[in-house]
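Hi,

Here is the structure I said I would pass along. Have a look at it first, and then read my notes underneath.

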Amino acid sequence: MDEFVGSTVATGLKASSDRGSLPEVPSPFARRVLLFEFVALAEYWLAPPLLGVTNFAGIWSDLGIVLFAVFVSSIVLLVIRPLWPHLRQAERTRQDRWTFHGVWIGTFAAALFLTNTFQLSPPSSASAPVVVGVTTVYSPFGAWPSLTFYLPGAGLFGTFNVEIVTVLGLIAVLGSAVLRVSAFRRSLACPSERPFAGSAPLASAAVWSPFGLVTGCAACAPLYLSVLGLVAPAAASGGLAASPLVPWIGLAGLLYLASFGLVIHLIRRSTEPVPPHVTENRNP
């Protein structure tokens, strides 16, 4: 029995030691780079309504596409790539891996419907099994040509927009990784050393909540118009038609920053070095 307990403690100490050897994510340099990008993006989204700009094509749209490429590349290189060793270490069992993938896939699918990227309608008996077209979607990162499709038999309508799909996918993966890595961190600590235990799942769920404030439609109208449509369709329709692109596109962009800022903060919390007293008192 003593050998078993000793082996368990030794295993926990080794895991804690390995955990402490991984760098904090994001690194201090990466945080400075991301902060600079966040400030630049905030200015990009606040400038049009402050300057009275209503045309979201042309230079504004071209600049947005460049900023989108830079922003996504930074998230992948400065956050996801260094976070991956933490995640691989936290996936100790097949159940852990299935949980990680299940959470991000389920959240991503739900977000596609929440943002109206996918919409359900009553099935119809149209002659063509699939109706495909192209439309322009005005998003926080500019005007994007988007592929639209309609499956009459399933009553499914979708607008495949690279920008919104990429943003939702990144948030879903990062949020699920926070849950997995923070759970691994708690498993290394004594019950009395788990201040992060209760706040992590709640805060991680909040990562995705800002997306509920916009519909993701071409006009980026606020979600309350959709809710209003349940009780007053005519009023909602009029409000949607009257809603200008400004400032809702800028609001949607600021919500992007809120979501990514929150999830990056949680990642930093869950990848901080394990305090020495946690490893020394692994079996309290």
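**Notes, starting from D96**

I began with D96, which sits in helix α4, residues 94–114. One thing to keep in mind throughout: this is a predicted model.

Is D96 buried or exposed? Its relative accessibility comes out at 11%, and the cut-off for buried is under 20%, so D96 counts as buried. If you skip the neighbours within four places in sequence, D96 has contacts with A90, E91 and R180.

**The rest of α4**

The helix has 21 residues, and its first and last C-alphas are 30 Å apart, close to the 30 Å expected at 1.5 Å a residue. D96 has company on the inside: F100, T107, F108, A111 and L112 are buried in α4 as well. Looking down the axis, the buried residues of α4 fall within an arc of 145 degrees, so they line one face of the helix. What do they pack against? The partners are α3, β1 (118–120) and α5 (162–188). Turned away from that buried side, the other face of α4 carries R94, Q95 and W98, which are exposed. After the helix comes N116, with a positive phi near 65 degrees.

**The core**

The largest nonpolar core has 47 residues, and the ones touching the most other members are I75, F141, L174, F260 and I267. Helix α4 is one of the contributors: along with α2 (28–51), α3, α5 and α9 (245–270), it supplies at least two residues. The biggest share comes from α5, which puts in 14 residues.

F260 is a handy place to start if you want to look around in there. Leaving aside neighbours within four places in sequence, F260 is in contact with F38, F71, I75, V167, L170, I171 and L174.

**How far to trust it**

Average pLDDT for the chain is 74, with 65% of the residues scoring at least 70. Confidence peaks in α3 (residues 59–90), at a mean of 92, and bottoms out in α1 (residues 2–21), at 46. Two stretches also deserve a flag. Residues 212–222 have pLDDT below 50, yet the model gives this stretch 33 contacts beyond near neighbours in sequence. Likewise, pLDDT is below 50 over residues 278–284, a stretch with 17 such contacts in the model. Where pLDDT is low, the predicted coordinates should not be read in detail.

Cheers

Notes:
Residues are numbered from 1 along each chain as its sequence is written. This is a predicted model: local features need pLDDT of at least 70, side-chain atom pairs count only at pLDDT 80 or more; totals for chains, interfaces and linings use all residues. Side-chain values use heavy atoms; hydrogens and water are left out. pLDDT is the predictor's confidence in each residue, from 0 to 100. Helices (H or I, at least four residues) and strands (E, at least two) are DSSP runs, numbered from the N terminus. Contact means heavy atoms within 4.5 Å. Buried means under 20% relative accessible area, exposed over 50%, partly exposed in between (1.4 Å probe, protein chains only). The expected span of a helix is 1.5 Å times one less than its number of residues. The arc is that of the directions from the helix axis to the C-beta atoms. A nonpolar core is a set of buried Ala, Val, Leu, Ile, Met, Phe, Trp, Tyr and Cys residues joined through side-chain atoms within 4.5 Å.
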